[in-house]
Amino acid sequence: LKTPTFMNDGSWSSSQKVAFSATWRREGMSRWGGPLVEPQLRAELDAVEKIVSQAMGTPVHVWAVKDTSTAHAIALPDGTLVVTVGLLDALHDEAQLVAILAHVAAHVSLGHLDGVLSQDPALSAQARRVLDHGGPSAPVLQMFERLVATTFDDAREAQANEAAQRALQSAGLDARALVDAR
């Protein structure tokens, strides 16, 4: 009998956050048109990943998806950052992309996603059970849809902005791009 890894208080364990993100990459990415694999873009995103990882002090990985109808940047619980082509098209330069990704990564490091993942206790418990024991991934994909639809309150957005701004400044990067990218 496999021992569940989820916590009794309803929070998600590190292994569940990694499994959640892997499930999205395996199954949920197709909902956004699949990964964008253009070599030049991948090289540019690799460079941005390195900059953001160094600035934030934690590794990040950026996935670009083909959905062009919206401008989205979201984070998965394991720190994977997802951007749409619509967002990439809307930005003026690399500094704005770095600033936005630093902001999104700050939501992860500040624990803001944990509240979203536990917002609906029944769905959260169901998704955690799927991650621990297998089964249909629908609850996991529903949790991802919840992450996409989430709008953090002004206080959390301000916290993420401040954390990103501090990280960018301490890395010697232009934090003004964070304001310009909004």
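Student: Strand β1 and β3 pair up, but in which sense, and over how many bridges?
Tutor: Keep in mind that we're looking at a predicted model. Strand β1 covers residues 61-65, and its pairing with β3 runs over 5 bridges. As for the sense, the two strands are parallel, so the answer is parallel, over 5 bridges.

Student: Which residue of β3 is the bridge partner of Val62?
Tutor: β1 spans residues 61-65, which puts Val62 in that strand. Look across to β3, residues 80-84. There, the bridge partner of Val62 is Leu81.

Student: And β2 with β3: parallel or antiparallel?
Tutor: β2 is made of residues 73-75, and 3 bridges join it to β3. Ala75 stands opposite Leu81 in β3, and Leu81 is also the partner of Val62. The sense of the β2 and β3 pairing is antiparallel.

Student: Which residue takes a positive phi in the hairpin of β2 and β3?
Tutor: The hairpin has 4 residues between its strands. One of them has a phi near 95°, and that residue is Gly79.

Student: How many of the residues of β3 are buried?
Tutor: In a regular strand the side chains alternate between the two faces of the sheet, so it's worth checking each face separately. On one side of β3 sit Thr80, Val82 and Thr84, on the other Leu81 and Val83, and both faces are covered. That makes the strand mostly covered, and the buried count is 5 of 5.

Student: Moving on to charges, how many salt bridges does the count come to?
Tutor: A pair counts when a side-chain nitrogen of Lys or Arg is within 4 Å of a carboxyl oxygen of Asp or Glu. Asp78 with Arg25 passes, the closest N and O atoms being 3.4 Å apart. By this rule the count comes to 5.

Student: How many residues apart in sequence are the parts that Asp78 and Arg25 tie together?
Tutor: These two form a salt bridge, with the closest N and O atoms 3.4 Å apart. Asp78 is in the loop between β2 and β3 while Arg25 is in helix α1, residues 14-28, so the pair ties together parts well separated along the chain: the figure is 53 residues.

Student: Is Asp78 buried or partly exposed?
Tutor: Buried means under 20% relative accessible area. Asp78 has 29%, and its partner Arg25 has 25%, which counts as partly exposed. By the same cut-off, Asp78 is partly exposed.

Student: How far apart are the closest N and O atoms of Arg42 and Glu49?
Tutor: The two ends differ in cover: Arg42 is partly exposed at 23%, whereas Glu49 is buried at 10%. Arg42 and Glu49 are also linked with Asp46 in a network of salt bridges. For Arg42 and Glu49, the closest N and O atoms are apart by 2.6 Å.

Student: Which residue forms a salt bridge with Arg146?
Tutor: The closest N and O atoms of this pair are 3.7 Å apart. The pair links distant parts of the chain, 26 residues apart: Arg146 in helix α7 (138-149), and its partner in the loop between α5 (112-117) and α6 (121-133). Arg146 has a relative accessible area of 24%, and the partner is partly exposed at 26%. That partner is Asp120.

Student: Which residues gather in a patch of negative charge on the surface?
Tutor: One member is Glu94, which belongs to helix α4, residues 94-109. Patch members need over 30% relative accessible area, and Glu94 has 42%. The full set is Glu38, Glu44, Asp93 and Glu94.

Student: What is the C-alpha to C-alpha spacing of Arg156 and Ala106?
Tutor: Arg156 sits in helix α8, residues 154-170, and is partly exposed at 34%. Along the sequence, Arg156 and Ala106 are 50 residues apart. In space, their spacing is 9.9 Å.

Student: How far apart in space are Ala125 and Pro139, C-alpha to C-alpha?
Tutor: Ala125 is in helix α6 and is buried, with a relative accessible area of 16%. It's 14 residues from Pro139 in sequence. The C-alpha to C-alpha distance of Ala125 and Pro139 is 9.2 Å.

Student: One more pair: how far apart in space are Thr70 and Val85?
Tutor: Thr70 is in the loop between β1 and β2 and is partly exposed, at 27%. Thr70 and Val85 are 15 residues apart in sequence. Going C-alpha to C-alpha, the distance is 8.0 Å.

Methods: Residues are numbered from 1 along each chain as its sequence is written. This is a predicted model: local features need pLDDT of at least 70, side-chain atom pairs count only at pLDDT 80 or more; totals for chains, interfaces and linings use all residues. Side-chain values use heavy atoms; hydrogens and water are left out. Buried means under 20% relative accessible area, exposed over 50%, partly exposed in between (1.4 Å probe, protein chains only). Patches are made of residues with over 30% relative accessible area and no salt bridge: like charges are joined within 9 Å, nonpolar side chains (Val, Leu, Ile, Met, Phe, Trp, Tyr) within 5 Å. Accessible areas come from the Shrake-Rupley method with a 1.4 Å probe; for residues, only the protein chains shown count as cover. Lys and Arg count as positive and Asp and Glu as negative; His and the chain ends are not counted. The place of a charge is taken as NZ of Lys, CZ of Arg, CG of Asp or CD of Glu.
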